[in-house]
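Reader: Could you take me through this model by way of the sheet and the helices around it, with the reasoning spelled out at each step?
Author: Gladly; please have the sequence and the coordinates open while we go.

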Amino acid sequence: MKERTAGIILAAGRGSRMKSEIPKQYLLLDGRPVLYYAMKTFQDSFLDEIILVTDAGEREYCQREIVQKYGFDKVSHIVEGGRQRYHSVFQGLLALENCDYVFIHDGARPFVSKEMMERAYLSVRKEKACIVGMPVKDTIKLADESGYAADTPRRDRVWAIQTPQVFSFPLVRDAYAVFLDREKELAEEGITMTDDAMVVERFTDTRVRLIEGSYDNIKITTPEDMVIAQRILEK
């Protein structure tokens, strides 16, 4: 039986650092919304299905102005996200059925590529969990509580993590279920999860493989990123 693959694209979040009334995923980049580019790559890929996660009240807008306008017919569900990123991811996972592998991606990363997704797919079939990223170019310092340099990790061991993050669907779904069941307890201990790999690392025995993404696979966060993104498009 053919393995079924799905993508969850996160288009929730206001992006306060963008200093714009328009959410960053809807800002126009070369005449199209930032969100369009990741959606287009997922649509044209080997994926069988796409779940789009939006902010509350934006489902109809995304259906009309993103999905229908650009013909993204792999989108099976548009669901509303939650308070934090991980709540939004879980809502996307709940919308999936009969899935073997899931690609979780930030809609504000427009430059995910088909080649990147293919590398991730080859890896996840073997490893069950993989994330794309790139080795950092700069020396990294770890600070102590007073703001002094406390340690300098080896640069060849430090990666900047990107998305998509790709997992066996049952693995990541069950890990998220455990995490959200213990969310309040963990929050009281000051523990939070800032990406999907952290959830899998903490609540399963599966190791997460790092695979190469691209230095162009930037996340649109600030106005300066829009300028960089335009240059990448022109390149």
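**Helices, strands and their contacts**

Author: This is a predicted model, and a good place to begin is helix H1 (residues 34-43), which is mostly covered, since nine of its ten residues are buried. The buried residues of H1 are Val 34, Leu 35, Tyr 36, Tyr 37, Ala 38, Met 39, Thr 41, Phe 42 and Gln 43.

Reader: In what order do the seven strands of the open sheet lie?
Author: The pairing in this open sheet is mixed, and its edge strands, each pairing on one side only, are E5 and strand E11 (209-212). Neighbouring strands are turned against each other by 25 degrees on average, with direction ignored. Read across the sheet, the order is E5-E4-E1-E6-E10-E7-E11.

Reader: How many bridges join E1 to E6, and which residue is the partner of Leu 10 there?
Author: In the order of the sheet, E1 stands between E4 and E6. E1 and E6 run parallel and are joined by six bridges. Within E6, the bridge partner of Leu 10 is Asp 106.

Reader: On the other neighbour, which residue in E4 is the bridge partner of Ala 6?
Author: E1 and E4 also pair in the parallel sense, over six bridges. Along this pairing, Ile 8 stands opposite Ile 51 in E4. For Ala 6, the bridge partner in E4 is Glu 49.

Reader: Is Thr 5 buried or exposed, and what is its relative accessible area?
Author: Thr 5 belongs to strand E1 (residues 5-11), and, not counting residues up to four places away in sequence, it touches Phe 46, Leu 47, Asp 48, Glu 49, Tyr 101 and Tyr 121. Buried means under 20% relative accessible area. Thr 5 therefore counts as buried, because its relative accessible area is 2%.

Reader: How many of the residues of E1 are buried?
Author: Both faces of the strand are covered, with Thr 5, Gly 7, Ile 9 and Ala 11 buried on one side, and with Ala 6, Ile 8 and Leu 10 buried on the other. E1 is thus described as mostly covered, and the count of its buried residues is seven of seven.

Reader: What is the handedness of the crossover that leads from E4 to E5?
Author: Strand E4 (residues 49-54) and strand E5 (residues 75-80) run parallel and are joined by five bridges, and in E5 the bridge partner of Thr 54 is Glu 80. The chain passes from E4 through helix H2 (residues 59-70) to E5, and this β-α-β crossover is right-handed.

Reader: How far apart in space are Gln 91 and Glu 80, C-alpha to C-alpha?
Author: Gln 91 is found in helix H3 (residues 85-94) and is partly exposed, with a relative accessible area of 34%. Not counting residues up to four places away in sequence, Gln 91 touches Val 79 and Glu 80. Gln 91 and Glu 80 are eleven residues apart in sequence, while their C-alpha separation in space is 7.4 Å.

Reader: Why do H3 and H5 count as oblique to each other, and what is the handedness of their crossing?
Author: The axes of H3 and helix H5 (residues 169-181) come within 10 Å and cross at roughly 130 degrees. Angles from 65 to 115 degrees count as roughly perpendicular and those over 145 as roughly antiparallel, so H3 and H5 are oblique to each other. The contact involves residues including Tyr 86, Phe 90 and Leu 93 of H3 and Val 172, Tyr 176 and Leu 180 of H5. The crossing of H3 and H5 is left-handed.

Reader: How are H5 and H7 oriented to each other?
Author: Leu 171, Val 172, Ala 175, Tyr 176, Val 178 and Phe 179 in H5 meet Asp 196, Val 199, Val 200 and Phe 203 in H7. The axes of H5 and helix H7 (residues 196-203) come within 9 Å and cross at roughly 80 degrees. Angles of 65 to 115 degrees count as roughly perpendicular, and H5 and H7 are therefore roughly perpendicular to each other.

Methods. Residues numbered from 1 in each chain as written. Predicted model: local features only at pLDDT ≥ 70, side-chain atom pairs only at ≥ 80, totals over all residues. Heavy atoms only, no water. Pairing = 2+ DSSP bridges. Helix = DSSP H or I, 4+ residues; strand = E, 2+ residues; numbered from the N terminus. Right-handed = clockwise from strand over helix to strand, strands pointing away. Buried < 20%, exposed > 50% of the residue type's maximum accessible area, 1.4 Å probe, protein only. Contact = heavy atoms within 4.5 Å. Axes fitted to C-alpha atoms, helices over the stretch in contact; angles between N-to-C directions. Parallel < 35°, antiparallel > 145°, perpendicular 65-115°, else oblique. Left-handed = near helix turned anticlockwise from the far one by under 90°.
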